[in-house]
Each structure stands twice: as C-alpha cells, then as structure tokens.
Amino acid sequence: MKAAILAGGAGTRLYPLTTYVPKALIPVGNRHVIEYIIEYLRRNEIQDIIMLVSNSEIDLLKNHLQDGHRFGVRIEYSTAERVGTAGALHVAEDLLDETFIVYYGDVLTNLDLREMVKRHVAKQATCTLAMSTSVPIDYGVARVDKDDRVTYFEEKPVLKEYPVSMGVNVFEREVLSYCKPNTDIAQQVIPNLLKDGKAIYAYLTDKRHYDIGTFKSLEEVRQLAESNNLQF
C-alpha cells in the first residue's frame, strides 16, 4: 500500500519561517518534520511513499529525501502548481493504488495506522477518516438557555461527541473521481462523497495529533521534543 503525503502547502500561517524552508523540513528536536512522518509510516509497514509537492518545494525536498533509501522507504514525487489537496491527488492519480493512505504533511501522530487500514478493509469503506476523541477545543464553550442565561461553561473542553479530523485518511481509488483541480479534500471531496451516499467511516482513537501549521502548535511540539515526551 502507498501513502501520499500532502506537502505542497504554502505554509502561510508560519510566515516568515516558510519563506526559507518548507513546512516538511522544519526542524523539531533532532529531526525534520518529514522524517518523523516517514519513520511513522515505515513502522506501520508503509514503505512506498509519494510526496505531493509544489514546484516551489520540489528541489529542497528532493535534495533532502532523494529516493528514500536512507530512510528505509521508496519515495516518488508528484509535482504541480498549488492546486488544492484534492487537486494534488488528481495530478498523482497514475501513481496511486486501489487503496491508499493520504497523510497531511504538517501532522504528527502515533495512532495505530495498521489497525485503521484493517478496519477500512473490513467495512469495505470508500473512505476512512482518522478522528481523535481527545483534542481540546481552543475556546471556552457554554450552554445558554432561552433567556440567555449561561447554564454551563467549560474552558477548552474535550468534546468526545465531536471527534476531530486528524489529517490521516484511507481512500479507495473511487475517491479520485471527486478530486478535481483547485479543490480541497475536507471542503469539497468528503462532503460530496457523503452527499452521494458513499461509505464514509471514522476510525476513532484517543491518540492526539499535532498540526505544526501554526507557531503555537509548532512550539508545543518542540517543547515536547525538548522534554523527551515526543512519541512519534
């Protein structure tokens, strides 16, 4: 099975840092972000990787990763202008298998990917989304009655009834027919699959994920690395 890593985003939330280096090559601890992701995939028996990158990142990423041999994997590259996450899959269509993993290149996690794939196959799913039940909301939330009186308040709660998408998906090739240029997986593809009644499942986990796409979350991950609590 292949994994397609989405690593072509502009990283605008991390400017000016990403003016000089792609998000995937930002250092965390003693490694770059992409190296954590590749090692995670390798541990989960995924050795064939497709890097979906833009023309702006290809040289830096290819110089660093090459063919993946020194990381114990095989790496191919699909390059395009920035055409959205679904658009990048469309461009890479000829490189993808019947069943494949889509991994957002700014996410770090240690969820059980092998078990997720097994569930996907067992349920004959069109698409399985990794969903975390342990991510705290960034804001305080309240319940308000009809008179605007606050009856409940909690700061940054974990809402298990609203699991959070982790940026790790298992797709069947059928999904590619929904992937058009300049479209997004979350904003267009998943809603359209649901609208058409396709078999979309969640793989629920209490594992956390960390999106290093903002300075706040990047600093959190770096602090975990410095305290040797980074488990990816």
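These figure legends walk through several close-up views of one predicted model.

**Figure 1. An open sheet is built from 7 strands.**
Following the sheet across, the strands come in the order β5-β4-β1-β6-β11-β8-β12, and their pairing is mixed. At the edges sit β5 (74-80) and β12 (200-205), each of which pairs on one side only. Neighbouring strands of this sheet are turned against each other by 25 degrees on average, with direction ignored. As a reminder for reading this view, strands of a sheet pair through backbone hydrogen bonds, either parallel or antiparallel.

**Figure 2. Strands β1 and β4 run in parallel.**
Here you can look at strand β1 (residues 2-6) beside strand β4 (residues 48-54), joined in the parallel sense over 5 bridges. Which residue of β4 stands opposite I5? It is M51. M51 also touches I5, and its other contacts include A7, I34, L61, L65 and I75, leaving aside residues up to four places away in sequence. On the same terms, E76, Y77 and S78 are among the residues that M51 touches.

**Figure 3. Strand β11 has an antiparallel partner on each side, β6 and β8.**
Strand β6 (residues 99-104) is joined to β11 by 5 bridges, and the two run antiparallel. If you find V102, its bridge partner in β11 is N169. Strand β8 (residues 127-132) also pairs with β11 in the antiparallel sense, over 5 bridges. There, M131 has S165 of β11 as its bridge partner. Is β11 mostly covered or mostly open? Strand β11, which spans residues 164-172, is mostly covered, with 7 of its 9 residues buried.

**Figure 4. V170 is a buried residue of strand β11.**
V170 has a relative accessible area of 0%, and because buried means under 20%, V170 counts as buried. Which residues does V170 touch, not counting those up to four places away in sequence? Its contacts include T99, F100 and I101, and F100 lies in strand β6. V170 also touches M116, V117 and H120, as well as T126, C127 and T128. The C-alpha atoms of V170 and Y201 are separated by 9.8 Å, while the two residues are 31 apart along the chain.

**Figure 5. Aromatic rings meet in 2 pairs.**
A pair of aromatic rings is described by the distance of the centres and the angle of the planes. For Y40 and Y103, the ring centres are 5.9 Å apart and the planes stand at 55 degrees, so this pair is tilted. Y40 belongs to helix α1 (residues 33-43) and Y103 to strand β6, so the pair links parts of the chain 63 residues apart. Y40 is buried, with a relative accessible area of 1%. Y103 is buried too, at 0%. The other pair is F100 with F171: their centres are 6.0 Å apart and their planes are at 85 degrees, so the arrangement is edge-to-face. This pair links strand β6, home of F100, with strand β11, home of F171, across 71 residues of the chain. F100 is buried, at 0% relative accessible area, and F171 is also buried, at 0%.

**Figure 6. Two arginines lie over tyrosine rings, R31 and R143.**
In one case, R31 lies over the face of Y36, at 5.5 Å from the ring centre. In the other, R143 lies over the face of Y152, at 4.4 Å from the ring centre.

**Figure 7. The largest nonpolar core has 71 residues.**
In soluble globular proteins, nonpolar side chains tend to be buried together. Which residues have the most contacts inside this core? They are L41, M51 and L89. Helix α1 gives the core its largest share, 7 residues. You have already met M51 in Figure 2, where M51 is the residue opposite I5.

**Figure 8. P191 sits in helix α5 (residues 185-195).**
Is P191 buried, partly exposed or exposed? P191 is partly exposed, because its relative accessible area of 36% falls between the cut-offs of 20% and 50%. P191 touches I185 and A186, not counting residues up to four places away in sequence.

Terms used
Residues are numbered from 1 along each chain as its sequence is written. This is a predicted model: local features need pLDDT of at least 70, side-chain atom pairs count only at pLDDT 80 or more; totals for chains, interfaces and linings use all residues. Side-chain values use heavy atoms; hydrogens and water are left out. Buried means under 20% relative accessible area, exposed over 50%, partly exposed in between (1.4 Å probe, protein chains only). Helices (H or I, at least four residues) and strands (E, at least two) are DSSP runs, numbered from the N terminus. Two strands pair if DSSP finds at least two bridges between them. Rings of Phe, Tyr and Trp (its six-membered ring) pair if their centres lie within 6.5 Å; planes under 30 degrees apart count as stacked, over 60 as edge-to-face and the rest as tilted. A charge sits over a ring if NZ of Lys or CZ of Arg is within 6 Å of the ring centre and within 35 degrees of the ring normal. Axes are lines fitted to C-alpha atoms, for helices over the stretch in contact, and angles run from 0 to 180 degrees between N-to-C directions. A nonpolar core is a set of buried Ala, Val, Leu, Ile, Met, Phe, Trp, Tyr and Cys residues joined through side-chain atoms within 4.5 Å. Contact means heavy atoms within 4.5 Å.
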